[in-house]
Amino acid sequence: MNNFTDIFKSFDWNETKASIYAKTSQDVEMALSAKKRSLEDFKALISPAAAPYLEQMALISQQLTLKRFGKVIQMYVPLYLSNECNNICTYCGFSFDNKVKRKTLSPIEIMQEVAAIKDMGYEHILLVTGEANQTVHVDYFKKVLDLIRPHFAHISMEVQPLDLEDYQQLTPYGLNTVLVYQETYHQEDYKKHHPKGKKSNFEYRLETPDRLGQAGIHKMGLGVLIGLEDWRTDSFFTALHLNYLEKKYWQSKYSLSFPRLRPFSGGLEPKVEMNDRELVQLICAYRIFNEEVELSISTRESPNFRNNIIRLGITAISAGSKTNPGGYAVEPESLEQFEISDERSPQQIARMINAQGYEPVWKDWDNSLAL
Amino acid sequence: MLKIADKTFNSRLFTGTGKFSSSVLMEEALLASGSELVTVALKRVDFKSNDQDDLLTHLKYPHINLLPNTSGVRNAKEAVFAAQLAREALETNWIKLEIHPDPKYLMPDPIETLKATEGLAKMGFIVLPYIHADPVLCKRLEDAGTSAVMPLGSPIGSNKGLKTIDFLEIIISQSNVPVIVDAGIGSPSDAAWAMEIGANAVLVNTAIAVAGNPVQMAKAFKMAVEAGRMAYEAKLALPVMHAVASSPLTSFLDE
């Protein structure tokens, strides 16, 4: 077994989907009472049959999360470095065919953004870009990491998938975490959503977490873009991927996200809608399936949803986010990736977390811990 | 009184600072526990900030000794560096050595831990390593200059109690350094049990931090640890596991 592609190929999308929808209330009850939950249990937990068990799932999810993570929620914020992109992605504001002015932050601009972000109190930062290898490449990332490393305790990246050697080069610069979302595990539909650019290579993306594991990255984040395809089937493949990675790259930590497709200028309407109740079901199912995985929620979700999800299993939250390069200080009006739903400031979110009986944690890593 | 290296402790309950719903509640709970040795994850400490809300400002009491831990490091080299950082920043040469390259179950790496203990002890650190309940490793750590050993009772954060009881008993029976049962203690009765079998101290974090009422739970642990220790010192009557046979096996000798 060399990488995840081999395992992935042994699954058929339609069969998998049918097996999820065939789960019964008995399967759900078995899954809820199991000591350790298998992938088949996970299928039951995300199936329509589990809907009546949502309250019970929420309770278990809450208890498991408390035991592992305690009453704390990590705070992080994205820093969009660039909206240049050579890919066409039907759902994304940065898509190449979206004819708007593009921007990549210069070192001086980055430092202005950093100052604004530090003023909000952040120590954990997520660097985001599109995919524009002519300007936003490994050397650019090295420069950026050099610049920001003294200012943040924890640095994550959500950029184009890179080669193994690239990741190996970037970790000594303080790169701790890499997020790479498959968007969808439906291979044919993936091609439809990514018709042009390097991103159209499904397998290269699918094998990115393997390269991250081989590079010894501390943490990697997985997920799909909910709305592109049947979310239950896509989430099953996410869990399958997670299971595989945890066993193979046992020294890495993992986190999951569950972004729902958000509107942007000229964008795609979700093919499949997921309502709030279903998103709660998914979050609780992930937690019940895997007690140790970090679960993260972004400003894509509404204030009411975010207030109530704090106690149900998530471990990290962003706040005050801007999804455009320069959004914090330099050029607030530049092209954004998507519209956020929760406009509250980090301090407001921190107070909300306190009010729920949890403590917002701004610093939970130190750059000096990794040599 | 418990003595580790050059320090004596009235309380045999060591505590942690993670997972609390607020720093204020943590402070109250730690005061209620009577704990005199409190471990702090270096990764949570903001060395640059003078913020009033910082974790450390809630731990400033003359009776509370800080025990920085290296949680997050994956090998001996990183651990030694982290210990040096802790010594500089927190002005203590005490270090709780936690090397768990496995972030899922947080299982301690015995090989790297032994290596780091050797190095740190030579550099003058008071090393308290978090380890599996492995009796041979404990002896090797003694040879390497450790100041105590901290074997786990069950997986960290699991609240499962003393699953490693048989190995803990061996470790306690042959140790020349204090044995502190760390990880897995889920209830005051677990803590009392560890003390009854002769552990020198226990370290409790999750069971207090995540309790419905952490302050009250901290008090309960304080009392349980005291009771367990007192029972150990009073020498427990051994339980009689068998009934006395009505026709004794050796009665023929009297015939």
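## Exercises on a predicted model

Let's warm up with contacts in chain A of this predicted model. Among those between residues at least 6 apart in sequence, 78% join residues at least 24 apart.

**Exercise 1.** Work out how the compactness of chain A compares with that of a globular protein of its length.

*Solution.* Start with the inventory: chain A has 15 helices and nine strands. Next, take the radius of gyration, which is 20 Å, and set it beside the 21 Å that the globule rule gives for 371 residues. The two values are close, so chain A is as compact as a globular protein of that length. To picture the outline, imagine a box of roughly 60 × 45 × 40 Å along the principal axes, filled by the C-alpha atoms of chain A. Finally, 51% of the 371 residues are buried.

**Exercise 2.** Locate K103(A) and decide whether it is buried, partly exposed or exposed.

*Solution.* First, look in the loop between β1 (72-80) and α6 (107-119) of chain A, where K103(A) is found. Then count its surroundings: 19 other C-beta atoms lie within 10 Å of K103(A). Being buried takes 20 or more, so K103(A) is partly exposed. Now find its partners beyond four places in sequence; among them are S82(A), N83(A) and P325(A).

**Exercise 3.** Describe the side of chain A that touches chain B.

*Solution.* Begin with the counts: the contact takes 23 residues from chain A and 26 residues from chain B. On the chain A side, helix α5 (residues 54-69) gives the most, with three residues. Last, sort that side by type: eight residues are nonpolar, five polar and 10 charged.

Technical notes. Residues are numbered from 1 along each chain as its sequence is written. Chains are lettered from A and ligands numbered from 1 in the order in which they are written. This is a predicted model: local features need pLDDT of at least 70, side-chain atom pairs count only at pLDDT 80 or more; totals for chains, interfaces and linings use all residues. Helices (H or I, at least four residues) and strands (E, at least two) are DSSP runs, numbered from the N terminus. The radius of gyration is taken over C-alpha atoms; the globule rule is 2.2 Å times the number of residues to the power 0.38. A residue is buried if 20 or more other C-beta atoms lie within 10 Å of its own, exposed if 12 or fewer, and partly exposed in between; C-beta atoms are placed from the backbone. Two residues are in contact if their C-beta atoms, placed from the backbone, lie within 7 Å. Ala, Val, Leu, Ile, Met, Phe, Trp, Tyr, Cys and Pro count as nonpolar, Asp, Glu, Lys and Arg as charged, and the others, Gly among them, as polar.
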